Amino acid sequence: MKFMKLGSRPDTFYTSEDLRCVSSEVSSDFTIEVSGSKYLLHKFPLLSKCLRLQRMCSESPESIIQLPEFPGGVEAFELCAKFCYGITITISAYNIVAARCAAEYLQMSEEVEKGNLVYKLEVFFNSCILNGWRDSIVTLQTTKAFPLWSEDLAITSRCIEAIASKVLSHPSKVSLSHSHSRRVRDDDMSSNRAAALSRGWWAEDIAELGIDLYWRTMIAIKSGGKVPASLIGDALRVYASKWLPSLQRNRKLVGKKADSDSDSDTDSSSKNRLLLESIISLLPAEKGAVSCSFLLKLLKAANILNASTSSKMELARRVALQLEDATVSDLLIPPMSYKSEMLYDVDIVATILEQFMVQGQASPPTSPLRGKKGMMDRRRRSRSAENIDLEFQESRRSSSASHSSKLKVAKLVDGYLQQIARDVNLPLSKFVTLAESVPEFSRLDHDDLYRAIDIYLKAHKNLNKSERKRVCRVLDCKKLSMEACMHAAQNEMLPLRVVVQVLFYEQARAAAATNNGEGKMTELPSNIKALLAAHNIDPSNPNAAAYSTTTSIAAPDDQWSVSGLKSPKAKLSGTLRSKLAEDEEVDERFMNQDGGRTPSRFKAFCAIPGRPKKMFSKFLSINRNSNVKN
């Protein structure tokens with residue numbers, strides 16, 4: 001780092017009892033008191049360079065001159081005093097701010113003497129400090145001890161401008177020889193500007209700044225318009241990981257502090273909250289500039305620190321833009337208060353999903369003419385066919401991306417439901433709201449959703465009959481795999497209506513998949529055909545109702561498989577018998593459709609013989625055969 005030496009005489013200052021004196025043949029003629037320390041000095045060298053001391057001596061006949069609120073304290077004053085005596089002093093980025101403020105306080109300007117301390121410090125500051133990368137950062141850090149003086153003297157603003165200009169320029173033009181975290185090596189200096197900037201060589205160095213100075217520096221960098229949004233996002237991630245690590249590691253401790261009323265804890269929480277909200281305000285507007293995982297970590301910290309509602313809503317909106325990139329663990333956000341009975345903040349996730357669905361509805365239509373009919377004037381109608389084709393292709397891509405995102409988010413929500421379902425304090429309404437927030441078409445299968453419902457019913461065994469029906473209302477039995485159906489058919493926690501539907505659809509599926517000896521499909525009963533047609537299933541297509549089993553993130557105790565079940569032949573009838581004993585009538589809405597008449601699908605189920613037909617027996621033996629093989 002750069003430094004400057006002024007003066008040539010040796011240091012003759014010494015301490016005698018409680019006084020600081022100068023060794024000289026001439027006796028001291030006045031005393032100066034600074035921050036409780038007294039100096040016995042000589043008027044001539046000091047008054048010849050310090051206009052403030054001249055005026056104070058002329059206005060007050062007292063021999064003791066007091067300098068209250070002296071910037072920089074005794075160290076800065078002694079530096080100025082030694083300059084007056086011609087004693088050698090060293091100026092660097094670490095003390096130039098204090099020296100400059102002290103010189104300004106003493107009015108050591110050119111009006112008093114040419115080549116005075118203020119002039120020499122300004123020359124060194126402009127020619128050396130501002131030209132060095134590390135020097136500029138260190139100097140900017142030291143301005144925090146003198147905020148008002150630094151602002152008045154434009155030291156802070158000049159350092160910020162110098163740092164921003166270096167970030168925007170090629171690293172080869174920046175003096176990095178003394179950088180603390182040198183990001184660019186000498187052999188990389190010949191690389192192009194884009195490759196150099198892509199490494200974000202400046203992020204860790206400026207992360208040492210306090211949040212106030214960091215915020216101003218980042219604003220200056222962003223206003224330059226040359227740094228990609230992704231690098232801005234990376235820099236914010238580096239800064240957050242440096243200053244907010246304890247919030248993720250010690251959530252309970254931080255939560256207790258946030259709920260306490262002590263002044264020290266309140267001040268610490270307020271500082272961290274200000275830091276977090278400042279980071280949020282600096283997030284780039286471009287989608288993908290920061291990862292979805294990072295945004296959700298900020299949201300977790302916002303809940304712990306009880307950040308403003310506007311900050312949390314802004315994070316929720318940004319998360320919704322790239323929700324398909326999130327993981328289940330990212331969505332496990334702790335509640336706002338440590339005293340909360342729930343394990344996770346489900347409301348904020350519901351808000352994110354709501355924002356995601358709203359943004360999905362705003363996606364471009366699949367046809368360039370849809371939504372534009374009657375809105376385009378003749379000038380627009382006269383556009384070339386090539387432009388219309390380009391718009392059509394772009395809208396198709398946008399619509400396809402939106403549909404793909406919804407499919408991914410549906411899988412994410414089902415996995416999230418499996419995790420929060422274990423919370424015994426999770427209200428039924430919140431679980432159902434999240435399950436219903438996903439469009440029906442985005443769930444290609446309902447196996448993961450069934451796992452979540454199964455976990456919830458096991459964790460909430462006190463639910464009454466109507467509540468269990470409400471939980472299962474979102475479940476579509478047609479979209480369950482054979483493995484899930486076999487488990488559901490023997491799940492005594494499920495309502496009778498769900499078990500009936502599962503048995504019927506699996507019986508119909510088994511019948512459709514059974515081939516006779518001539519290689520032809522077995523003719524299905526008319527009642528089965530009617531039921532399949534009512535649910536848009538083609539009886540001639542045996543794969544129409546087949547859905548693949550999906551991977552679950554549930555704990556091993558919550559996973560299930562057909563191989564772990566006994567032969568369902570007797571078990572199924574036992575389950576139905578217990579269900580019928582518990583509930584003498586099927587769901588009223590299920591029974592009273594079509595103006596109170598018995599619905600066709602229930603008639604079809606009742607038409608199934610008491611003893612399973614050959615094809616039904618074959619279906620029921622699937623699990624038994626698998627057990628024998630195992």
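**Exercise 1. Decide whether Phe 431 is buried or exposed, then find its ring partner.**

Step 1. Phe 431 has a relative accessible area of 1%. Buried means under 20%, so Phe 431 is buried. This is a predicted model.

Step 2. Tyr 456 also has a relative accessibility of 1% and counts as buried.

Step 3. Take the two rings. The centres of Phe 431 and Tyr 456 are 4.5 Å apart, and their planes meet at 20°. Planes under 30 degrees apart count as stacked, so this pair is stacked.

Step 4. Place the pair. Phe 431 belongs to helix 22 (residues 428-436), and Tyr 456 to helix 23 (residues 447-459). The pair therefore ties together parts 25 residues apart in sequence.

**Exercise 2. Work out how Tyr 214 and Tyr 239 are arranged.**

Step 1. A search of the whole structure gives 10 aromatic pairs. Tyr 214 and Tyr 239 form a stacked one, at 3.8 Å centre to centre with 15° between the planes.

Step 2. Tyr 214 sits in helix 11 (residues 211-224) and Tyr 239 in helix 12 (residues 229-243). They are 25 residues apart, and the pair links distant parts of the chain.

Step 3. Check the cover. Tyr 214 is buried at 0% relative accessibility. Tyr 239 is buried at 1%.

**Exercise 3. Test the length of helix 26 and locate Glu 506.**

Step 1. Helix 26 (residues 496-513) has 18 residues. The expected span is 1.5 Å times one less than the number of residues, so 26 Å is expected.

Step 2. The end C-alpha atoms are 26 Å apart, which agrees.

Step 3. Of the 18 residues in helix 26, 17 are buried. Glu 506 is found in this helix. Its relative accessible area is 2%, so Glu 506 is buried.

Step 4. Lys 478 is 28 residues from Glu 506 in sequence. C-alpha to C-alpha, the two are 8.6 Å apart.

**Exercise 4. Lay out the open sheet of five strands.**

Step 1. The strand order is 2-3-5-4-6, with mixed pairing. Strand 2 (13-16) and strand 6 (64-66) are the edges, each pairing on one side only. The twist averages 30° from one strand to the next.

Step 2. Strand 4 (residues 30-34) and strand 5 (residues 37-41) run antiparallel, joined by five bridges. Ile 32 has Tyr 39 in strand 5 as its bridge partner.

Step 3. Tyr 39 also belongs to an aromatic cluster with Phe 70, Phe 77, Tyr 105 and Trp 149.

Step 4. Add helix 3 (residues 73-85). Helix 3 lies across strands 2, 3, 4 and 5, at about 5° to strand 5.

Definitions and conventions:
Residues are numbered from 1 along each chain as its sequence is written. This is a predicted model: local features need pLDDT of at least 70, side-chain atom pairs count only at pLDDT 80 or more; totals for chains, interfaces and linings use all residues. Side-chain values use heavy atoms; hydrogens and water are left out. Two strands pair if DSSP finds at least two bridges between them. Helices (H or I, at least four residues) and strands (E, at least two) are DSSP runs, numbered from the N terminus. Axes are lines fitted to C-alpha atoms, for helices over the stretch in contact, and angles run from 0 to 180 degrees between N-to-C directions. Contact means heavy atoms within 4.5 Å. Buried means under 20% relative accessible area, exposed over 50%, partly exposed in between (1.4 Å probe, protein chains only). Rings of Phe, Tyr and Trp (its six-membered ring) pair if their centres lie within 6.5 Å; planes under 30 degrees apart count as stacked, over 60 as edge-to-face and the rest as tilted.
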